[in-house]
Amino acid sequence: MISFSLCLVLLIVGYFVYGRIVERIFSPDDRDTPAVRKADGLDYIVLPSWKVFMIQFLNIAGTGPIFGAIMGAKFGPSAYLWIVFGCIFAGAVHDYMVGMLSMRNDGASCPELVGKYLGEGARKVMLVFSVILLLMVGTVFVFSPATILQGYGGTTLIWVIVIFLYYILATMLPIDKIIGRFYPIFAFSLLFMAAGLMAVLFMEWPQLPELWEHTENMGMAADSSFTDQIFPCLFITIACGALSGFHATQSPLMARCLKSEKMGRPVFYGAMITEGIVALIWATVSMYFFYGEPSPGYELIEAVGNKGLLTSAPDLVKIMCNDWLGIVGGILAVLGVVAAPITSGDTAFRSARLIIAEAFGVSQKPIVNRLLVCLPLFGGSLALLVWQIEDANGFNTIWQYFGWSNQTLSVFMLWMATVYLVKKKKPFVITLIPSVFMTSVCTTYLFISKQAFHLPEPIAYTLGGVCTLVSIVWFVVWYYRETKKNNC
């Protein structure tokens, strides 16, 4: 619990100290924002700042800081380090830079930002990459809540239809009609659940693994079937609680709703820090469940059936909330594992609609145009969904590819932000270091993962190192040419 307490303090201090540094480097001003300048009553609408924060938090969170933290806790206290330092120095910086650059470019989506700063070729790659990623997000976040709701009545197919119909409405309607009204409520529920669990942790003060005692992969020691290496697997497993490229598709949604650039730090940087705190809480709850003393949590709760590390993330959420928070906890658990993924799924489709419309110059004011853009999206998602339902391992397969794609998207966006800072002659080290690190993570994971090349570890690590070195050389050469051009 000492490690948890220190990490909690570091996240809060990180917002006020490093968040202020990042804000000063970007230098927000009093210019009119896209919400004011391009107000259309559909996607560009000024919303209250507190509401924008709550929507942004729920958009980027979903079940990510819960499920990801639970799976990441199997690595042991090393998960704390990634959540804290990843969130402060990478994730929150990533979200802030993307959100602010979107505001500076009329609410531009991530492919357009990449195209402006990394070139037309990169824009085309990012366009395809981001739409496929959002399609996967929308699809996996239909089936998982439907299977949970099926336990409360009805069939999985009926719930899939209901959720899909909701997606169509949320994607097509103005952002203040459904998202603006209901998301703050769901966000509050997610925060309340996390706060309740944190209160129980402090009251119980369980004896948990500490950073100075266990930095090895504790999951590997406890379960021989858990063979994932801390590097790079931990940094792919815990995404939304530390750094997530998916956030780059969500921040522009709120960049179109802010009245002032000066609200960027509380909304973009602050929402990511808040998500990091939620992830930290769930990682700690999970470590109690997996490794707590004198007996692990799964040995204390008969309902789990002594599954240990094999306990699924949704099961762990329901067990811990019901056991620690009672009836209220059970309700919040349902909201957490059902409402959260649904709200991430609908904004994924909304982002995809806007990205495609922006790329092809299709006005979204007429509802017919919105429908024309959405039909191929929903058709592709339905095809994926049918395959996912028929294949017993379909969900896991899509989720594993989503994890790597998610972090790869963050690499693009961090390099984009680095190029922007160089061009503006601002301190670019704040994005360069996480860019290089995540390049190393994603390339190494591609070579070592069972879902990709699955090469022997020495070869995989070597190739990952070579790719990282190439990215550094590319940047140095480009930086030299850029500096020389500016001095001429």
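Here are some numbered notes on the predicted model shown above.

1. Start with two helices that lie against each other. Helix α5 covers residues 78-104 and helix α13 covers residues 264-291, and the two pack at an angle of about 155 degrees. Their axes are 8 Å apart. Angles over 145 degrees count as roughly antiparallel, so that is what α5 is to α13. If you look at how they cross, α5 passes α13 in a right-handed crossing. The residues of this contact divide into 18 nonpolar, five polar and two charged.

2. While you're on α13, find Ser286, which sits in that helix. Is Ser286 buried or exposed? Its relative accessible area is 0%, so Ser286 counts as buried, the cut-off being under 20%. Now look for Lys74: Ser286 and Lys74 are 212 residues apart along the chain, yet their C-alpha atoms are separated by 8.0 Å.

3. Try the opposite exercise with Pro366. You'll find Pro366 in the loop between α15 (313-360) and α16 (367-390). With a relative accessible area of 37%, Pro366 is partly exposed. Pro366 and Val422 are 56 residues apart along the chain, and 40 Å separates their C-alpha atoms.

4. Next up is α6 with α7. These two pack at an angle of about 160 degrees, and their axes are 7 Å apart. That angle makes α6 roughly antiparallel to α7. The crossing of α6 and α7 is right-handed.

5. Helix α7 (residues 120-149) is a good one for checking a helix with simple arithmetic. At 1.5 Å a residue, how far should the 30 residues of α7 span? The expected value is 44 Å, and the end C-alpha atoms of α7 are 44 Å apart, so the two agree. The helix is also mostly covered, with 23 of its 30 residues buried.

6. Stay on α7 for a salt bridge inside the helix. The side chains of Arg123 and Glu120 meet there, at 2.8 Å from N to O. The two residues are three apart in α7, so about one helical turn separates them. As a general point, an α-helix has 3.6 residues a turn, so residues three or four places apart point the same way. The partners do not fall in one accessibility class: Arg123 counts as buried at 14% relative accessibility, whereas Glu120 is partly exposed at 41%.

7. How many salt bridges does a search of the whole structure find? The count is 14. One of them joins the side chains of Asp106 and Arg37, at 2.5 Å from N to O. This pair links distant parts of the chain: Asp106 lies in the loop between α5 and α6 (110-118), Arg37 lies in helix α2 (residues 34-37), and they are 69 residues apart. Arg37 is partly exposed at 43% relative accessibility, and Asp106 is partly exposed too, at 34%.

8. Asp106 deserves a second look for its backbone. Asp106 has a positive phi of about 60 degrees although it is not a glycine. Which other residue shows a positive phi, of about 45 degrees, although it is not a glycine? That one is Trp205, which you'll find in the loop between α9 (179-204) and α10 (218-222). Trp205 counts as partly exposed, at 44% relative accessibility.

9. Another salt bridge to find is Arg31 with Asp29, whose side chains meet at 2.8 Å from N to O. Arg31 is partly exposed, at 41% relative accessibility, and Asp29 is partly exposed as well, at 25%. Don't stop at the pair, though: Asp29, Arg31, Arg104 and Glu261 are linked in a network of salt bridges.

10. Helix α12 (residues 247-255) is a neat case of burial. Nine of its nine residues are buried, so α12 is largely enclosed by the rest of the structure. Among the buried residues of α12 are His247, Gln250 and Met254.

11. One last backbone detail concerns a proline. Is the peptide bond from Phe231 to Pro232 cis or trans? The bond is cis, with omega near 10 degrees. Pro232 is found in helix α11 (residues 230-237).

Methods. Residues are numbered from 1 along each chain as its sequence is written. This is a predicted model: local features need pLDDT of at least 70, side-chain atom pairs count only at pLDDT 80 or more; totals for chains, interfaces and linings use all residues. Side-chain values use heavy atoms; hydrogens and water are left out. Axes are lines fitted to C-alpha atoms, for helices over the stretch in contact, and angles run from 0 to 180 degrees between N-to-C directions. Helices (H or I, at least four residues) and strands (E, at least two) are DSSP runs, numbered from the N terminus. Angles under 35 degrees count as roughly parallel, over 145 as roughly antiparallel, 65 to 115 as roughly perpendicular and the rest as oblique. A crossing is left-handed if the near helix is turned anticlockwise from the far one by less than a right angle, and right-handed if clockwise. Ala, Val, Leu, Ile, Met, Phe, Trp, Tyr, Cys and Pro count as nonpolar, Asp, Glu, Lys and Arg as charged, and the others, Gly among them, as polar. A salt bridge is a side-chain nitrogen of Lys or Arg within 4 Å of a carboxyl oxygen of Asp or Glu. Buried means under 20% relative accessible area, exposed over 50%, partly exposed in between (1.4 Å probe, protein chains only). The expected span of a helix is 1.5 Å times one less than its number of residues.
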